[in-house]
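Let's take a walk through this fold, one side chain at a time. Keep the viewer open and follow along.

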Amino acid sequence: SAASPATRAAVESTTTAFHQALRTNDSASFFSYVDDNVVMMPPGEAPVRGIAALRTWYSGFLGQYQTSSLALTEKEVEVGDQWATETGSYEWGLKPTAGGAEVVDHGHYMQIWKRTPDGHWKFFREIWNSAAPPA
């Protein structure tokens with residue numbers, strides 16, 4: 001069954017805030033949207049399972065890069081009562097923390113969002129693949 005307009009609006013505002021936290025390197029805000037049992041599947045790496053492991057992965061990543069830009073296009077959001085999926089294309093600008101030229105990655109992603117019993121939407125699963133040639 002299709003979700004109500006209010007439910008769809010809640011999903012859209014949550015995913016927008018989540019991506020804005022990534023865009024501004026705001027890890028506290030970013031993790032406020034993450035489910036404890038998250039699984040993230042980055043390209044070329046083993047899946048990152050659970051919020052503690054994601055915190056470790058993310059802090060390691062931020063030790064090397066800061067997000068300088070993030071553009072999401074071709075977004076498609078499917079919303080049900082308890083689950084939502086977002087798919088699209090991304091272009092992610094990354095500035096090395098050690099200095100040097102910005103790296104721009106681009107590709108496609110899929111996220112699964114889960115509704116909690118209190119009605120919030122949490123980042124539950126993600127996989128993305130890079131269409132950029134390996135650095």
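One cut-off before we start: a polar contact here is a pair of N or O atoms within 3.5 Å, where within protein one must be able to donate a hydrogen and the other to accept it. Keep in mind too that you're looking at a predicted model.

With that in hand, go to D105, which sits in strand β5, residues 103-115. What does an acid do when it is buried yet has no salt bridge? For D105, the nearest side chain of opposite charge is R23, and that is 14 Å away. Its side chain makes polar contacts instead: one with the side chain of Y90, at 2.9 Å, and another with the side chain of S130, at 2.5 Å. Zoom out a little and, once you skip neighbours within four places in sequence, D105 is in contact with Y90, E91, W92, W128, S130 and A132. So the two polar partners, Y90 and S130, turn up in that list because contact just asks for heavy atoms within 4.5 Å.

Where, then, does a salt bridge turn up? A search of the whole structure finds 1. E12 forms a salt bridge with R8, and the closest N and O atoms are 3.0 Å apart. Both residues lie in helix α1, 4 residues apart, which is about one turn of the helix. Unlike the buried D105, E12 is partly exposed, with a relative accessible area of 28%. R8 counts as partly exposed as well, at 33%.

Now for the rings. A pair of aromatic rings is described by the distance of the centres and the angle of the planes. The count for this model comes to 15 aromatic pairs. Take F18 and Y33, an edge-to-face pair with 6.5 Å centre to centre and 90 degrees between the planes. This pair links distant parts of the chain: F18 belongs to helix α1 (residues 5-23), while Y33 is in the loop between α2 (27-32) and β1 (34-41), 15 residues apart. F18 is buried, with a relative accessible area of 1%.

Next up are F30 and F123, a tilted pair at 6.5 Å centre to centre with 55 degrees between the planes. F30 lies in helix α2 and F123 in strand β6 (residues 121-130), so this pair ties together parts that are 93 residues apart in sequence. Both F30 and F123 are buried. Step back and you'll find the two pairs in one aromatic cluster, made up of F18, F30, F31, Y33, Y58, W113 and F123.

One member of that cluster also has a charge for company: R55 lies over the face of F31, at 4.4 Å from the ring centre. A similar arrangement involves R125, which lies over the face of F124 at 3.9 Å from the ring centre.

Last stop, the backbone. Which residues other than glycine have a positive phi? N25 is one of them, with a value near 55 degrees, and you'll find N25 in the loop between α1 and α2. E74 also has a phi near 55 degrees, but its place is in strand β3, residues 65-79. E74 is exposed, with a relative accessible area of 63%.

Technical notes:
Residues are numbered from 1 along each chain as its sequence is written. This is a predicted model: local features need pLDDT of at least 70, side-chain atom pairs count only at pLDDT 80 or more; totals for chains, interfaces and linings use all residues. Side-chain values use heavy atoms; hydrogens and water are left out. Helices (H or I, at least four residues) and strands (E, at least two) are DSSP runs, numbered from the N terminus. Buried means under 20% relative accessible area, exposed over 50%, partly exposed in between (1.4 Å probe, protein chains only). Lys and Arg count as positive and Asp and Glu as negative; His and the chain ends are not counted. A salt bridge is a side-chain nitrogen of Lys or Arg within 4 Å of a carboxyl oxygen of Asp or Glu. Rings of Phe, Tyr and Trp (its six-membered ring) pair if their centres lie within 6.5 Å; planes under 30 degrees apart count as stacked, over 60 as edge-to-face and the rest as tilted. A charge sits over a ring if NZ of Lys or CZ of Arg is within 6 Å of the ring centre and within 35 degrees of the ring normal.
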